[in-house]
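Open the model in your viewer and keep the selection panel at hand. The tour goes from the whole chain to single elements and residues.

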Amino acid sequence: MSQKELSTTYSSNETEKKWYPHWESNGYFKPKEGKTGESYCIIMPPPNVTGQLHMGHALDVTTQDALIRFKRMKGYKTLYLPGMDHAGIATQAVVEKMLDGEGTSRHDLGRDKFLEKTWEWKEKYGGVILNQQRKLGASPDWDYSLFTMDPDSNEAVKKVFVDLYNEGLIYQSDYIVNWDPVLESAISDAEVEYKEVKGNFYHLLYPVVGSDEKLEIATTRPETMLGDTAVCVHPEDERFKHLIGKKAIVPLCNREVPIIADEHVDMELGTGCLKVTPGHDFNDFEIGKRHDLEIINILNKDGTLNEHGLEWKGQTCSKARASLVEKLEREEILVKTVEHVHQVGHGDRSKSIIEPIVSKQWFLNIMDMAAESVKAVENDVTTFWPKQWENTYFSWLRNPRNWCVSRQLWWGHQIPVFYCSDCGHQWADAGQPSECPKCQSKNIYQDPDVLDTWFSSGLWPMSTLGWPNEERMKEKGFDDFFPTSCLVTGHDIIFFWVARMMMFAQKITNKIPFHHVYIHAIVRDKQGRKMSKSLGNGIDPLEVIEQYGADALRYTLAAGSGYNRDLNLDPAVIESNRNFINKIWNAFRFIYPYLENAPNELPKKSDLSHQEKWILSELNTVIKNVNLSMEQYRFDDSCSEIYSFVYDKFCSWFIELSKKVLNGDDENLKNNRAAVLKYSFRELTKILHPFAPFITEELWTYLKNQNEDLLIVSDFPEYKENLNFSSDQIQMNYFIQLISGSRNLRSSVGLSPKEKISLEVFSDKPDVRTYFNEQNDFILEMANATSLKVSNLTASRPEKSLVLATENFELFIPVSGVIDLDQQINRLKKDLEKTTKELMKVEKKLNNPKFMASAPSDIVAGVKEDQQNLLSKSEALKKSIQQFS
């Protein structure tokens, strides 16, 4: 191997700039046939066109790309599918804000001009996030990139809509929906966030017609009484049976409404009487359907009260409520007000209170589709990792409601339904018809609404692979890559996205869209709080990459990922992992000069030293565990294995033990050691590559042979039975225990590492005694000792010694003449005195009945733990004083 110059310090910035363009421009991200003959595909959850890279995206990309790089090296034909979502609501809001700054609005422009402006904005500002993903080292085939509003995606959307419409599954209906008064659009159940709000129960009196009776009814939204069309009681409630069929008067608007009976009413809850507002409550709407009640809408699209709002017309519900309640109180209709905390729906985009409203919308009947998607997961055709997230998936699909797919927006896939103004015919068409198919009139128009963004996103696994165009499907390898292998996403969009992709794929292709669903953690700050602008606790991934490098960030996110629900991100940990990356670079810098003539093959088994067998076996174990944990999405375990190997085995011990060999005179031993170091570092760069692709690719250029390709396409290491040297691993653990123990004992009495000591070891195990005698020279070197005496347990122990007892041996370090024993004994006595005082304080607490009776159980448990720790410390100090006396 020809020696190239190696920089003294690692520059993540230069390395990232060097390798990413090289990988991309030379086609390393493209799917290629591998040794397994199998395909592996991951779809990238399409980020919003308005988006900027945040830590959630960074975790998405890190885990997805780690899997892709792993499987690519394992010999799979890998495809990482990128793209971008048009984000109907978010994008329209951004463009409308821009227009507002220009002194105009979408209504001033009209639909066509507004859409032109939106496309212009998308081309100029949209998609910034795609380049930001490159900064992280994402390795998708960018030629596959699809935007959910591209013609190919639009073709898929139209075909699915028209097919489902013609099947009768998509229908139009006056139905109660979640109405966002800020967006002036319907939104789906999954887009509603429920927040605890302090409110009141207002107890109102409704007079019974032709009677002196008044019914007491409690409501949290008194303004909705203006839309009441019935009063409802339970049919078996003896208190009200005599009133069923009579009429009540709705206060203020003086509307006579029927008193009806329905089993929906809970006799034990509240007053037992329910005001029914079918136009503004989901349960009331169902009651209204069962009893054929009139629906009165009291709200405008912007959430203000309409002509039914009486003197409060034009006011919002929240503003009108205070004034309306005052009037109810004056007219002695309000009996009492009871404080009440309840869950109130808010729009996840606008954050405004959602108002249930009955309006004409398009719906998709998902009942049968949902049942099939439940079966697929119940039967493990698609499996969730971790498995517990299946419950979240089931909770929605086992109790589905038909999906409101229409939105009152302009930016999005316009619903492909057309109307004839002359004959009234309605039909769905994937093309752009010029006349009515029924009467041939040219006087036709298209439905103005657009489809929910999740409609096009739900088709993502298929549309990204060319569906429904057969030529495109062949070109993109649909049959190779569908169903895809794994979906990686967060638990917050199981409802929004995972379930819908499952339903669409099974309905359209009769196949699942992915075999595995890996649900990763949600990234939070180091205190476990959600990252938000208001808290100012967000961490910008691009700033982190600039400061610490992409590899350090990727490694941190992967190491914190696995089956956790949350990942609490601490910048100090990122810095620590930057140091880990630098540690690897510096370790290679040390061994690099010795590798120039290092053989490419490992020495014969018979030529391997004990230490070499140990490190190869340890590395072999790590390789086995990393392969297993990667298949199980335990990225945290993979990273932990690698980290521990680098720090606790390779750098701390093997490199240190290699210095004497590499600087010795025996050429055979030097060559063998260089070969093992080279082999170990080659394997290390390979197993680290999925998590830290940049530094490993750079190191590979110094490690690879001339005929070898880049690391990104090299073979991932596999466990080798012939490199399993378990006895060497066991023995080396004795060695590490001995040296670490001697160092800790030195530290306990402030003895400098440079100070020479003598070691005496006692063991009743012959193999342990033999091993320590064989390793005499290495032990003396690593422990900085002048002598090592190994004896049976029956031999007498030296006095005035530091002692370490393990299950396999006892270590004694005689200290008479090495340290000032009087000074040491005085130090120990002072420490014992201090410990005794602390113990007395703790025991006084535990002997105090008042404390034991009133203190929380966790506090008591903590004090008891302190007591045990202090007792143990006290005993250890007494023992040490006795040894030195």
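What share of the contacts in the protein with a separation of 6 or more comes from residues 24 or more positions apart? In this predicted model, such pairs account for 77% of those contacts.

**Whole chain.** Start with everything shown as a cartoon. The secondary structure comes to 29 helices and 29 strands. The radius of gyration is 36 Å, well over the 29 Å that the globule rule gives for 885 residues, so the protein is more spread out than a compact globule. Along the principal axes, the C-alpha atoms fill a box of roughly 110 × 80 × 55 Å. Buried residues make up 53% of the 885 residues.

**Main core.** Select F588, I642, F681, F735 and F772. These residues have the most contacts inside the largest nonpolar core, which has 145 residues. Helix α21 (residues 635–662) supplies twelve residues, the largest share of this core. Now centre on F588: apart from neighbours within four places in sequence, F588 is in contact with L6, L595, F681, L699, Y702 and L703. A second core, separate from this one, has 64 residues, including L146, L169, F394 and F478.

**Helix α11.** Move to residues 390–397, which form helix α11. Which residues of this helix are buried? They are E390, Y393, F394, W396 and L397. Look down the axis of α11: the buried residues fall within an arc of 165°, so they line one face of the helix. To see what covers them, add α10 (367–378), β15 (383–385) and α16 (494–509), which are among the covering elements.

**Strand β9.** Select residues 230–233. Both faces of strand β9 are covered, with A230 and C232 buried on one side and V231 and V233 buried on the other. In a regular strand, side chains alternate between the two faces of the sheet. Next, show the partners of β9. Strand β12 (residues 274–276) pairs with β9 in the antiparallel sense over three bridges, and C232 stands opposite L274 in β12. Strand β11 (residues 255–261) pairs with β9 in the parallel sense, also over three bridges; here V231 stands opposite I259.

**Residue N620.** Select helix α20 (residues 610–631) and find N620 in it. Is N620 buried or exposed? Its relative accessible area is 3%, under the 20% cut-off, so N620 is buried. Leaving out residues up to four places away in sequence, N620 touches E718, Y719, K720, L723 and N724.

**The four-stranded sheet.** Finish with the open sheet whose four strands run in the order β27-β26-β29-β28, with mixed pairing. Strands β27 (785–791) and β28 (801–805) are at the edges, each pairing on one side only. From one strand to the next, the twist averages 20°. Inside the sheet, β26 (residues 757–762) and β29 (residues 810–814) pair in the antiparallel sense over three bridges, and V761 has L811 of β29 as its bridge partner. Add helix α24 (residues 726–748), which packs on the sheet and touches β26, β28 and β29. The direction of α24 makes about 140° with that of β28. Then add helix α26 (residues 776–783), which lies across β26 and β27 and runs at about 130° to β27.

Notes: Residues are numbered from 1 along each chain as its sequence is written. This is a predicted model: local features need pLDDT of at least 70, side-chain atom pairs count only at pLDDT 80 or more; totals for chains, interfaces and linings use all residues. Side-chain values use heavy atoms; hydrogens and water are left out. A nonpolar core is a set of buried Ala, Val, Leu, Ile, Met, Phe, Trp, Tyr and Cys residues joined through side-chain atoms within 4.5 Å. Buried means under 20% relative accessible area, exposed over 50%, partly exposed in between (1.4 Å probe, protein chains only). Helices (H or I, at least four residues) and strands (E, at least two) are DSSP runs, numbered from the N terminus. Contact means heavy atoms within 4.5 Å. The arc is that of the directions from the helix axis to the C-beta atoms. Two strands pair if DSSP finds at least two bridges between them. Axes are lines fitted to C-alpha atoms, for helices over the stretch in contact, and angles run from 0 to 180 degrees between N-to-C directions. The radius of gyration is taken over C-alpha atoms; the globule rule is 2.2 Å times the number of residues to the power 0.38.
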